[in-house]
Amino acid sequence: MSTNTYTSKFSSSEIEKFKTIFQNENASFSTPQYMYFQARGKGYTASFYKSGKLVIQGNAAAQIVSKYFEMQKNSLFETAGIAVSSDDGGEIAPYPHIGIDESGKGDFFGPLVIAGVLLDENGAKTLQEAGVCDSKKMNDKKILELQNLIKEVSVFDIIAISPSKYNELYSKFKNLNKLLAWGHSTVLENILSKKPCEIAISDKFADERVIQSALKERGKNIRLIQQTKAESDTAVAAASVLARGEFVKRISKLSSEYEINLPKGASNLVLEQGRKFMLKYGKDELKNISKIHFKTYLDITGGA
């Protein structure tokens with residue numbers, strides 16, 4: 001029998017009500033990270049995330065939803081393998097599908113990293129239970145801890161564009177969105193060369209035509225979904241974790257190589273460290289650790 005998955009969003013004020021429901025079904029309870037609780041019963045697992053997302057999975061999921069959530073079944077819950085909820089959180093398409101995300105586009109120092117993750121339903125469930133979510137909601141330590149698990153349960157690809165290569169590509173594309181589209185389509189093509197898939201999801205960063213025009217041979221034959229806040233989808237969240245983890249490792253390596261702390265982002269501390277770097281190594285070397293189209297570059301160099 002196929003496994004059903006129902007996803008929706010609820011207020012955290014309803015925690016106790018839901019607990020009572022699953023207690024009545026003789027479920028066993030645990031509290032994995034990023035969840036208020038997880039209830040396991042005969043033929044189903046119910047996970048109530050701190051985001052407010054309730055995911056009910058298993059062969060008996062439909063019976064649980066029909067029994068206790070009949071009013072919400074049609075208006076709040078959706079199902080199709082794992083389906084998107086009617087709110088802004090949850091899975092966006094049935095599994096298997098590919099999620100793509102990037103890291104470093106807002107960081108003056110360090111590379112641009114783009115990652116893609118192809119998950120099936122079991123892999124998605126494993127990552128949900130491990131607490132995989134949008135990397136912006138996790139610290140670096142947790143991100144690095146989760147990378148190996150993501151790689152174990154998925155087909156993945158990561159491309160890291162060094163600052164010097166990034167600057168070269170940016171001068172060619174003259175536009176960050178076109179560069180991102182090239183990177184996303186390259187990752188997608190690499191994954192599809194390892195395993196076929198019919199659906200891919202990417203956070204929407206530009207007009208759909210920008211990335212559609214960048215798709216390569218295999219990518220042109222799949223359904224590509226571009227959606228804002230796509231990191232609510234586990235595959236996209238996993239891609240964001242892989243991308244950020246690789247970014248963290250590479251900016252740390254650059255810091256060690258040049259013996260100077262290279263902060264993330266584009267803050268005043270970034271300006272301060274950039275000026276220290278230029279005094280020590282010169283303006284030309286600054287191009288090898290930073291993205292020179294940022295206004296930060298002009299602030300550091302004085303526009304010279």
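**Exercise 1. Find the residue just after α10 that takes a positive phi, and describe the helix before it.**

Solution. Gly282, just after α10, takes a positive phi of about 95°. The model is a predicted one, in which local features need pLDDT of at least 70, side-chain atom pairs count only at pLDDT 80 or more, and totals for chains, interfaces and linings use all residues. Residues are numbered from 1 along each chain as its sequence is written, and side-chain values use heavy atoms, with hydrogens and water left out.

Next, take the helix itself, which is a DSSP run of H or I with at least four residues, numbered from the N terminus. Helix α10 covers residues 268-281, and its 14 residues reach 20 Å from first C-alpha to last, close to the 20 Å expected when 1.5 Å is multiplied by one less than the number of residues.

Finally, look at burial, meaning under 20% relative accessible area with a 1.4 Å probe and protein chains only. Val270, Leu271, Gln273, Gly274 and Phe277 of α10 are buried, and the buried residues of α10 pack against α9, α11 (283-286) and α12 (295-301), where contact means heavy atoms within 4.5 Å.

**Exercise 2. Decide whether Cys133 is buried or exposed, do likewise for Cys197, and count the disulfides.**

Solution. Cys133 has 18% relative accessibility and therefore counts as buried. Cys197, at 11% relative accessibility, counts as buried too. A disulfide requires a pair of cysteine sulfur atoms within 2.5 Å, and by this rule the count comes to 0 disulfides.

Conventions
Buried means under 20% relative accessible area, exposed over 50%, partly exposed in between (1.4 Å probe, protein chains only). Helices (H or I, at least four residues) and strands (E, at least two) are DSSP runs, numbered from the N terminus.
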